[in-house]
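Me: I am new to this structure and would like a close look at a single part of it. Please take the open sheet that involves both chains, and then set it in its surroundings.

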Amino acid sequence: MMETMAVHGPGIITEEEPFTPGHRACSGCGEALSVRLAAKAIGNNAIIVNATGCMEVVASPFPHTSWRIPWIHTLFENTAAVASGAEAGLRALVKKGKRPEKNVKVVALAGDGGTSDIGLQALSGALERGHDLVYICLDNEAYMNTGIQRSSATPFGASTTTSPAGRESLGQVTWKKNLPAIAVAHDIPYVATACPSYHRDLMKKVAKALEVKGPAYIHVLSVCPVGWRCATEDTIKVGRLAVRTGVFPLYEVENGQYKLSLTLTKLEPVDSYLKLQGRFRHLTEDTIKIIQERVNREYAKLVEMASKSSPSG
Amino acid sequence: MAKRVGLEVSVAVGDAAKLADVDVVAAYPITPQTHIVEHLAELVANGELRAAYIPVESEHSAMSACLGASAVGARTFTATASQGLELMHEVLYVASALRLPIVMAVVNRALSAPISIWCDHSDAMAVRDSGWIQMFVENGQEAVDNVICAFRIGEDRRVLLPVMIHLDGFSLSHVIEPIILPEQSEVARFLPPYDPPLPLDPEKPVTVGAFAPPFIYTEVKWAQEMTLEGAKEVILECWREFANTFGRHYSPVESYRTEGAKVLLMTMGSLSETAMVAVDKMRDEGKEVGLIKLRLWRPFPFAELRQAVRDAEVLIVLDRALSFGGPGGPVCSEVKAALYREARRPEVVGFVGGLGGRDISMADFEEMVNQGIKLAEAGSEREFEIFGVRE
């Protein structure tokens, strides 16, 4: 994997940093990395609408800001609605000649709690109404900002502070809510999954989402060493294993057509992913087997959907 | 010159937003606000209003979309009522703190439970600390005029605050009244274009809604308070200018037949019109009764109120909301607080009534005055009386 970075990285990635260094994210934060890469792909001609959460807290302690482009934070669950208003406002002002047409993009950023739990209604509304915006869910699989509480995006078996593993519980007892599928069900033009371990893929998808006319949704798995209890230097590795085990497959759905972003001839065993993370350390072999079976089944479904989709999209 | 026409008040409120040439309307339907937003949707659909209409999926999103629209520099309008206003609650605080001059018509309706679609002021009172300018209108003309004024006041660089125009559900919103709709050209002269100081714009990036550590939060809130208090001067200036242009006068506290009145009634909203007729009758009968109408609720017009009631012996305040377990009606409680340090002040008697659409008739106002005088003389152990309740 390092070879890929060495060959492609420096020459291709822009040096511009709309999301600047110096923010207060924890070391090894996968989410800050996701935002940094996404921001590079977004460029300067955009307005960021950020939900309450880690990325808001680390980027905007007054009087500092990590954003070189216009940025607004208001509340937790309303990011998609604020973005809707910004997009509609820009459109109206341009139409009425009150602002020049400069094709300013509106990009919403929110965590998994802000997206799959408390912000789901606002997101659904924005996607259904067809606003021309990009919504990026930065999924670190729990409420990390408040101290690792479970969300509906927390995976089965993970121990969090509100789904602790104990004698009577194996931790999170529900399967991760499939947000990309929910986005797809809104019949929007572009849905994708991404992970900063595959940085070029992530940036390419963000760039593509920006080009799409209408709503685009990108779900980015962002490793959180604090919440996942993994080594800070393993962020890229853990993200890469999430993809290679099929736990978090990378794909795009363009106008309803599924396309896998990577060809994995054989999935790595989920155990290789789980064992790097303290949140899964209590799992027995039997439970790991249940997870493995579920991953196999879900991945097979995805492969089937991709094979049924027409290659042209 | 604009003509006087018969219009449903809700429709006229929509027309007022159109006359203000709003850029964005984001709204969610709720009784009795619906006719306002339906009319606006129709105006946009017919090309009579050039605006983006966002049919959001909740009031929380309605106000949130208003935040986004206003933050990019769009003139933004919405309307709601009751539960809708409550669902917006946390967003209201953000609108005022981020200094976004959104204008909202609130068609006053009781709060659940039990569910009631009819009017009282419990919705308005529940948001009195949200940092918005709030005014109560008593008829359709006032509603139209003050929706237009609301944009001019809110968007003023000395203010930059959101404004709520409160009109009573059904008893005002759904009645047809003779209303003068100003000409578009007149409104355009009166209301300058919205020129936000710091819109979200890639040409000049700003960070809006940063998180405030303890060293700055108090200062932010104090600045907000100073601005809202200071907004009163701008409101007065706007109303003076409005009177010069359109010939209709408004003031924060209005006195009706208060000359030599020993007893004053105090009302807010559409019941003021009934109260005026009741005062006329009592005056005809030789009773020294007058009426105080409170139009401006936030910022609270302390000086004007003190001045208006200083010569009375009894002040009878009617609240259409109840602060449970507290001092009774919020209006009466604030009036009492405003008069506390006055050397000369009337005896204040509080009634809570007209809840959930219960009508208050002329006869009721007369009864309230009679009871109020007795209570003022005899005193009461209770902080307030609930009017017309069947126990």
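Reply: What follows starts with the sheet, looks closely at one of its residues, and then moves outward to the contact between the chains and to chain B.

This is a predicted model, with scores of ipTM 0.97 and pTM 0.97. For chain B the mean pLDDT is 97, and 100% of the residues reach 70 or more. Within chain B, the element with the lowest mean pLDDT (96) is strand β16, residues 385-386, and the element with the highest (99) is strand β4, residues 76-80.

The sheet in question is open and has nine strands, in the order β10(A)-β9(A)-β7(A)-β8(A)-β4(A)-β3(A)-β1(A)-β2(A)-β9(B). Its pairing is mixed. One edge strand is β10 of chain A (257-260) and the other is β9 of chain B, each pairing on one side only. The link across the chains is made by β2(A) and β9(B), the latter covering residues 207-208 of chain B; these two strands are parallel and share two bridges. At this seam, A:Trp71 has B:Thr207 as its bridge partner.

Further into the chain A part of the sheet, strand β4 (residues 134-139) runs parallel to β8(A), and six bridges join the two. One pair of bridge partners here is A:Ile136 and A:Ile218, the latter in β8(A). A helix, α8 of chain A (residues 199-211), lies across β3 (105-111), β4, β7 (190-194), β8 and β9 (251-254) of chain A. Its direction is at about 165° to that of β7(A).

A:Val220 is a useful residue to follow from here. This valine sits in strand β8 of chain A, which spans residues 216-221. Is A:Val220 buried or exposed? A residue is counted as buried when 20 or more other C-beta atoms lie within 10 Å of its own; A:Val220 has 28 such neighbours inside 10 Å, so it counts as buried. Setting aside residues within four places in sequence, its contacts are A:Ser34, A:Ile136, A:Cys137, A:Leu138, A:Asp139, A:Ala194, A:Cys195 and A:Leu202. A:Leu202 is 18 residues away from A:Val220 along the chain, and their C-alpha atoms are separated by 8.1 Å.

Beyond the shared sheet, the two chains touch through 41 residues of chain A and 38 residues of chain B. On the chain A side, the elements that give two or more residues are β1 (46-50), α3 (54-59), β2 (71-73), α4 (79-95) and α6 (120-129). Helix α4(A) supplies the largest share, 13 residues. By class, this side of chain A divides into 22 nonpolar, 13 polar and six charged residues.

Chain B has an open sheet of its own, with seven strands in the order β3-β2-β4-β5-β7-β6-β13 and mixed pairing. Its edge strands, each pairing on one side only, are β3 (52-55) and β13 (296-298) of chain B. On average, neighbouring strands are turned by 20° against each other, direction ignored. Inside this sheet, β6(B) and β7(B) are parallel and share four bridges. B:Phe136 has B:His166, in β7(B), as its bridge partner. Helix α7 of chain B (residues 140-155) lies across β5 (103-108), β6 and β7 of chain B, at about 170° to β7(B).

The domain assignment divides chain B into domain 1 (4-246) and domain 2 (253-386). The C-alpha centres of these two domains of chain B are 28 Å apart. Between them, 26 residues of domain 1 are in contact with 20 residues of domain 2. On the domain 1 side, at least two residues each come from α6 (122-126), β6 (133-136), β7 (163-168) and α9 (214-246) of chain B. The largest share, five residues, comes from α9(B). That side has 12 nonpolar, eight polar and six charged residues.

One last element of chain B is helix α1, residues 9-19. Here 11 of the 11 residues are buried, so the helix is largely enclosed by the rest of the structure. Among them are B:Val9, B:Asp15, B:Lys18 and B:Leu19. After α1(B) comes B:Asp21, which has a positive phi, near 55°.

Technical notes: Residues are numbered from 1 along each chain as its sequence is written. Chains are lettered from A and ligands numbered from 1 in the order in which they are written. This is a predicted model: local features need pLDDT of at least 70, side-chain atom pairs count only at pLDDT 80 or more; totals for chains, interfaces and linings use all residues. A residue is buried if 20 or more other C-beta atoms lie within 10 Å of its own, exposed if 12 or fewer, and partly exposed in between; C-beta atoms are placed from the backbone. Two residues are in contact if their C-beta atoms, placed from the backbone, lie within 7 Å. Ala, Val, Leu, Ile, Met, Phe, Trp, Tyr, Cys and Pro count as nonpolar, Asp, Glu, Lys and Arg as charged, and the others, Gly among them, as polar. Two strands pair if DSSP finds at least two bridges between them. Domain bounds come from an automatic or database domain assignment. Axes are lines fitted to C-alpha atoms, for helices over the stretch in contact, and angles run from 0 to 180 degrees between N-to-C directions. pLDDT is the predictor's confidence in each residue, from 0 to 100.
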